[in-house]
Structure formats: C-alpha cells, structure tokens
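Thanks for sharing this one. Here are a few notes to read alongside the structure, beginning with how the two chains meet.

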Amino acid sequence: MTIISLQHVTKDYGHGRGIFDVSFHVKKGTVYGFLGPNGAGKTTAIRHIMGFSKPQQGIVTVSGLNSWNNASTIQETLGYLPGEVALPEHLTGEQFIQMMMDLRKIKDDTHCKKLMDFFELDASGKVKRMSLGMKRKLAIVTAFMHDPDILVLDEPTSGLDPIMQQRFIDFIKDEKRRGKTILLSSHIFTEVDATCDEISIIKEGHIISSFNKQELLNMTEKVFHLTVENTKDYTQLIQMIESDITFQLISKNEQINELQISCYPSDLSKLIKRIADFPLLSFSEVPFSLEKHFMEFYDRRVGGELPWQ
Amino acid sequence: MINGTIFKQTLRANIKLWLIFTLVLTLLQVVMVSVFDDRMITDIGHMVEGTPLAGFFGQTTLLSMLASTFYAIHGVIFPIIYIIMTANSLIAAQVDRGSMAYLLSTPTKRSTIIVTQASYLIIALVVMFCIETVAGFITLQVFQSDVDVVIADFMMLNIGLFLLMFAISGISFFFSSLCNLSKNSLAFGAGIPLAFFLFQLLSSVDDSLEVLRYFTMNALFDTAAILEGENYWWQFGILLGIGIVLYIASLVVFKRKDLPL
C-alpha cells in the first residue's frame, strides 16, 4: 500500500531551482531515502508532502489524501522533523513540549517521556539558551511524541553528535520494525546506507535514479582483496584473471603481491574455485559502499544512463 | 476557530510589549487631560485679542486641544508603532524564521492560526483603548471637574481613534500574512501606516499641503467633525469596513499561499 505518493510534481522557483516532474512512492512499512546534494530540491519535495506548498503540476497524496487540501488531517498521523531548527525562543523546553502536546491533543505523556530518556533531552532551560544539538533533540521529541505512523525527516542527524546520530539511526530501525513508514532526506551516505530500503537520488530538481538497495547490492560487482604467498603464483594468478572475461583485475601491487578482483555475485563460486589452487595469505571482500555509487551520480549529468540498466 | 493553546503562547510572547505601549498611551492621555488649564487659555485669549490668532484661542476647549494633540499625534503614532511590531511578529516573522512549521506540523488549520493571531491583535487594541479611555475619563472627573466637557464627544473621539487603529492593524496584519519575509512585511505593513500618519500631519500644518488629506486613511478619523457635531458615521463605517475586509483578505491569502517552511 502506498502511503506517500508524488506524481509528476513540478514546482519551478525560477533560475533552475525547484523540482521538475518528480515522482516517487513510499510503500507502507518501508524506509525511503531521498538523497541529494544541498539545494537539489529535497526540502521542496517535503514541503509539498507537508502541504506547505501547492504543486504547479502533479499531485501529492499522503495516505490517499491530497496533501494540499487535507494538510491538517494528515498531520494527525504524521511526524515531521524540519531540516532547520527554528523553535519559538521565548519558551522553555518544557513549555514548548507542553504546547505541542496541547496542539496535538495528547493527554498521555509516557511516549514523550520515553523519547526524552532515549535521546537524553534536558528540556528544563530556555530554548534560546540551548545548544544546537539540544534544540535538535527537542525537535525530534516533539516530532514523534504522538507516535505517528508516518515519519518525514529532513536531514535528521545534522547537528547531532556521533553517539546521538547512531542512536537516531537505531531509533529509525526500531520504528521500521514497528511498521512505520519513513521518508528520510539526507546528503549523508552513511545514514541512508544504514537505514533505507528504497533510495532515490535527486539532483537539480530531477530524480536521476531510484532503486532498491538490496537489488542494487545483488546486481553490483563484488570486489575482493587478495595477497598471494610468492611472486611465481602471483604472476600466474594475474594471468589467469586477465584471460577470463568473467573477472576484472581492478588493481595490483607487485611489490607485496597484492591484487583486487571484481566479479558479479553470480560468478562468485567460479571465482572461489579458481583461486582455491593458489597459496593465499589473505582473502577479503572490499565492503560495498553506496558512497562510491552516489558519487558517480553526483558527477553524472542529469538524466544520465545507469550502468546496470 | 480560535485555538486556546496558540492564543496563550501568543499572549505570553507579546504581553510585555503590549503593557509598555498601553502604559505609555494611558500616561500620555492622563497628562494631556490633567495639564489643561481653562484660565490659562482664557488669559492667552486675552493676550492675542485683535491678532490673527484670536479666533484660534477663543474657541479652544479641552476636547479641541486634545483633538489637535493626543488624537492627532501621540495617540496615533504610539499605537501605530505597537501595531507594526506586533502584526509582523504574529505571522510574517514566524514564517520567516521557520517556527511556523511547528504549528503547522500539528493538526492545526492555517485558518485557525490566522483567526487566533488576528483575534489577539484586535483584542489587544480593544483592551488598550478601553484602558486609555477609562483612564482619560477618570482624569477628567478628578482634575477637570470644573470644566464643561461633552462626555459623548470624548467617547466618540476614542471610538474613532480605535476604529482608525483597527483599520491600520488590518493593513499591517494583511502584509504580515501575505509576505514570507519580515523585511517585506515591514516595508508595507509599517510603510503605509507611517506614510498615512505623515500625510495627515503635513496636511494639517499648511494649507498648501491640504491636498494630502485625500491620500491618507487617517483623514477618515475627523476630529473636527466629531466636535462640531457633523455627520461622521459614514467615516466610522468606512474605517470599520476597511479593517474587516483586510482581515478577511489576510485569511484568504494565508490559506492559499506557499509557505517556505
């Protein structure tokens, strides 16, 4: 079931800014990563989901409701964490939490207390005097105090220290286990890598790639790092790899008899059989990093062809 | 339509400014009323007898003195400054800073926010002018009990001044609702009321500038008409109408516009 849906949404702010013919769908219970450099249009897309902006073309729905006409109804089951922290500064943290509870008509504060403990939020002081990280935590607690079914997170971990970033990633994973639907925008590869099932890359207002992370992993070449015991076997291995088109030699270092080989997952057992005859000192997989993959896209022109399509 | 939680927070955030302006306005009114000295005016009247100024002082009453001072300058400019600051902070400043996002990420309708914030501004002005009027009335009774003052005219001066401020607050609130940036909201929401005030002031200074009367809404608060018993109800009606139309327009534009949150 589709929870968040953008269909051919266009919003042109002029000077090439905005989003153009953006479509994507977030299914129930999945974590959707929305990745792109600063100014690519991530926040613009989220504005439309929140009903802050009206699309010039296309339609945005949340749980089947038009997000522009039904913004306030949608908010009942949606938690939004803005990218920029701009809290009302004349309040104390506790007053702000109370205000948000009243606005959301929440009577029971057990979930809120749980979140405050989890993120180690001290809300006693004036918001104006809080550090950026503490404001961020306050925003997180107030965004999720009503235990929403849909979470919309705009660069959620910026401003948090590494420990809190990890804790936030744990929180997202936990929410996913509880069946929540999550849209996460980010330009940080690690948090997208760690949490998302589906990923879209946006650049200059256009979605240039959408894929399922697991499928991508299955379709991408694996890279292995090998060290051979002696030079004779090393040269033989190199020859063997170079003569077989199934495998690619990525790099070699003759001084210390090292090399890197890549192959598709379907050819893995063949590779292992071949190298089993060689005396190896080490054999390890170079972990796949989305980062390298994304970087290709960031440099690629808008609408560029994908290497695996 | 009014949200109690938002109203409470707005009150908390704005009460200090309101108190200061209400205090200043009330004190000005009290001072203006209490310093009026009937005999001094008569003395001056005698002094200038036979000069071109004779007519001016001959007809000076407490209310006409107030009309050319408090109800033309102090009582107009101080509430205008209060309106400019408050109207901007109620909507545009929160959109500009981004803190409006927190209100709109709760099941609160945009119309509820506008109605609540507009109610605060109107109620703040009503209470401000009630306090000013009551204080002025008490001062009249205490310090000027021997002077013959038409209380009905005094009340009408205050009602007229309030209606002018209601219309001006409509201008400032409208631009606060329309603009996404504080600087734009202030350019129009402060610029127009201040221009109206200056036009009115200049038009009363010199006959050659009287044409400016036709370019200022403040001329609709016609103190001379009130004191001389002319018909001023249509002017009151227009001021009230301008205010109502602008507040409704604020609601419409805020509901329809894109918010950069």
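**Notes on the A/B interface and one core residue**

1. Let me start with charges: the rule finds two salt bridges across the interface of chain A and chain B. One of them pairs Glu89(A) with Arg97(B), whose closest N and O atoms lie 3.9 Å apart. Please keep in mind that this is a predicted model.

2. Polar contacts also cross the interface of chain A and chain B, where seven residue pairs qualify, both residues being at pLDDT 80 or more. On the chain A side, α1 (42-50), α3 (93-103) and α5 (132-144) each supply at least two of the residues that touch chain B. The most comes from α3(A), with six residues. By type, the residues on this side of chain A are 15 nonpolar, seven polar and eight charged.

3. How many residues does each chain bring to the contact? Chain A gives 30 residues and chain B gives 27 residues. The area buried between the two chains is about 2400 Å², with 58% of it from carbon and sulfur atoms. Do look at Phe52(A), Ala86(A) and Leu103(A): they supply 27% of the area that chain A buries against chain B, more than any other three residues.

4. Finally, a residue in helix α7 (residues 189-195) of chain A: Val192(A). Is Val192(A) buried or exposed? Val192(A) counts as buried because its relative accessibility is 0%, and buried means under 20%. Leaving aside residues up to four places away in sequence, Val192(A) touches Leu35(A), Leu184(A), Ser186(A) and Ile199(A). Ile169(A) is 23 residues from Val192(A) along the chain, and their C-alpha atoms are separated by 9.2 Å.

Conventions: Residues are numbered from 1 along each chain as its sequence is written. Chains are lettered from A and ligands numbered from 1 in the order in which they are written. This is a predicted model: local features need pLDDT of at least 70, side-chain atom pairs count only at pLDDT 80 or more; totals for chains, interfaces and linings use all residues. Side-chain values use heavy atoms; hydrogens and water are left out. Contact means heavy atoms within 4.5 Å. Buried area is the accessible area (1.4 Å probe) that two parts lose on being put together, summed over both. A salt bridge is a side-chain nitrogen of Lys or Arg within 4 Å of a carboxyl oxygen of Asp or Glu. A polar contact is a pair of N or O atoms within 3.5 Å; within protein, one must be able to donate a hydrogen and the other to accept it, and residues adjacent in sequence count only if both atoms are side-chain atoms. Helices (H or I, at least four residues) and strands (E, at least two) are DSSP runs, numbered from the N terminus. Ala, Val, Leu, Ile, Met, Phe, Trp, Tyr, Cys and Pro count as nonpolar, Asp, Glu, Lys and Arg as charged, and the others, Gly among them, as polar. Buried means under 20% relative accessible area, exposed over 50%, partly exposed in between (1.4 Å probe, protein chains only).
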